[in-house]
Amino acid sequence: MDNIKDFAPIIYTPTVGLVCQNYSGLFRRPRGMYFSAKDKGEMMSMIYNWPSHQVDMIVLTDGSRILGLGDLGVQGIGIPIGKLDMYVAAAGINPQRILPVMLDVGTNNQKLLEDRLYLGLRQPRLEGEEYLAIVDEFMEAVHARWPKAIVQFEDFQMKWAFETLERYRKRFCMFNDDIQGTAGVALAGLLGTVRAQGRPLTDFADQKIVVVGAGSAGLGVLKMALQAVSRMTGPEADPHFFLLDKDGLITKERKCVDPAAAPFAKSQGEISELGLSEGASLLDVVKKVKPHVLLGLSGVGGIFSEEVLKAMRESDSIKPAIFAMSNPTANAECTAIEAFQHAGDKIVFASGSPFDNVDLGNGKIGHVNQANNMYLFPGIGLGSLLAGARIITDGMLQAASECLASYMTDEEIQRGVLYPSIDSIRDITAEVGAAVLRSAVAEEVAEGHGEVGPRDLSHMSKDETIRYVKENMWFPIYSPLVHEK
């Protein structure tokens, strides 16, 4: 905890991606619980095999989309382990009350199926109702034993990420970190870029944002950004968002648009005046839109090419923002050095994986922000737990994002610093957790925690809420083995 800045890259991204790729060969002992498709009908009894009587936080994956590395099957268990390590370090969740879980429903990764060391089921992934029946059974079993535990869904492929979120969010206290956590961190950074331009936050509605990557993370960012714009301008909001996938700019002309991406598909009328059409390349979109923000969640390393970055020099913003948010480092859309070298020293830069600050010469430093979910998901989980929230609402997630966005001073924002230092992660988590708790109380979904009931929570001031959160964080206290005389 005292050296979180040094250890975070080891227990979390980028090292955790390498661990997952090689997990079967590195395996020494089980950490967490494994539920497989072969266990159907047995999960309600299996859940009682976990030795801890109380579990507060569960991180669950099916290994189908690990970071930007694709289907890693059962080897994806490294992600729940790493995330829960961050919960312990950042949110002070008692390490005896955490549970990493792998739902092993097979893998479509042929290389793993042929690997004699692979630990998981050697079969193709379950699909459709067969798949959902496994997840349903697990969620019911968890809720039966630990009804107040928070369940965080992590690294599910896009179709199941959205499906499971909508299926469970009104029934259980759960959230999807890839959709909602990533979106919250990105929104905090996007609001920060508006402040960096010296403009009021209400001008966020006028920002032109190009998002590269139409997966669960990219669509989650756009959905939360749309909610923010709607609160500022009303339900008839018409934001200037442009979404691209591997086939280029997504418009209503495309024949097979994913239902989750459809709300962000541009009409021909909207883009024809810009000289764009269906499937337009990233370079064409950047040149003609001149966006304030270029945000990547594509998982394609280097997609922000030299030409694309140079085109950002013509942005309509006095401080263009470039967010290369894909993990791990090899999948980042560009490096920090490339961004500052080609897009200029006036940009604001953020990445998902850590990069060193860039020496721009003449005593100037190009600040690198790590736009990573670690700033939000520990606070979302902790605040929901201490509120005793029945469910996790959009309002609670919005409160977390806005809390993070307001954490930085104007002076720091002007220097291009959008996110605080990881060294202060516990203080950040306490503030975010308190904001989530207050929102849960305001939305009447808080049922209290332990001896603190919902009425007690509702009477707490902002400072009292933060103090309450901090007092409920676990700290390691090591008893001396030898007593001094």
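These are legends for a set of views of one predicted model, starting with the whole chain and then moving in.

**View 1. The whole chain, with its 20 helices and 14 strands.**
Start here to get your bearings. The C-alpha trace spans about 65 × 55 × 45 Å along its principal axes. For 485 residues, a compact globule would have a radius of gyration near 23 Å, and the chain comes in at 22 Å, so the two agree. Of the contacts between residues at least 6 apart in sequence, 73% link residues at least 24 apart.

**View 2. Surface and charge over the chain, with about 20,600 Å² exposed.**
Carbon and sulfur atoms supply 51% of that exposed area. On the inside, buried residues account for 57% of the 485. As for charge, count 47 positive side chains and 61 negative ones. The centres of these two sets sit 1 Å apart.

**View 3. Two cysteines, Cys 20 and Cys 256, and how much of each is accessible.**
Cys 20 has a relative accessible area of 0%, so it is buried. Cys 256 is at 71%, which is why it counts as exposed. What about disulfides in the chain? The count is 0, with the cut-off for a pair of cysteine sulfur atoms set at within 2.5 Å.

**View 4. Lys 266, in the loop between strand 8 (248-249) and helix 11 (268-272).**
Is this lysine buried or exposed? Lys 266 has 7% relative accessibility, and because buried means under 20%, it counts as buried. Leaving out residues up to four places away in sequence, Lys 266 touches Pro 239, His 240, Phe 241 and Phe 242. Its other contacts on that count are Ile 250, Thr 251, Lys 252 and Ile 271.

**View 5. Helix 14 (residues 336-343) and what packs over its buried residues.**
Which residues of helix 14 are buried? They are Ala 336, Ala 339, Phe 340, His 342 and Ala 343. The cover over them includes helix 13 (306-311) and strand 10 (321-324). Also among the covering elements are strand 11 (348-351), strand 12 (358-361), strand 13 (364-366) and strand 14 (368-370).

**View 6. Gly 344, the residue that follows helix 14.**
Step past the end of the helix and check the backbone here. Gly 344 has a positive phi, near 105°. For orientation, Ala 343 is one of the buried residues of helix 14.

Notes. Residues are numbered from 1 along each chain as its sequence is written. This is a predicted model: local features need pLDDT of at least 70, side-chain atom pairs count only at pLDDT 80 or more; totals for chains, interfaces and linings use all residues. Side-chain values use heavy atoms; hydrogens and water are left out. Helices (H or I, at least four residues) and strands (E, at least two) are DSSP runs, numbered from the N terminus. The radius of gyration is taken over C-alpha atoms; the globule rule is 2.2 Å times the number of residues to the power 0.38. Buried means under 20% relative accessible area, exposed over 50%, partly exposed in between (1.4 Å probe, protein chains only). Contact means heavy atoms within 4.5 Å. Accessible areas come from the Shrake-Rupley method with a 1.4 Å probe; for residues, only the protein chains shown count as cover. Lys and Arg count as positive and Asp and Glu as negative; His and the chain ends are not counted. The place of a charge is taken as NZ of Lys, CZ of Arg, CG of Asp or CD of Glu.
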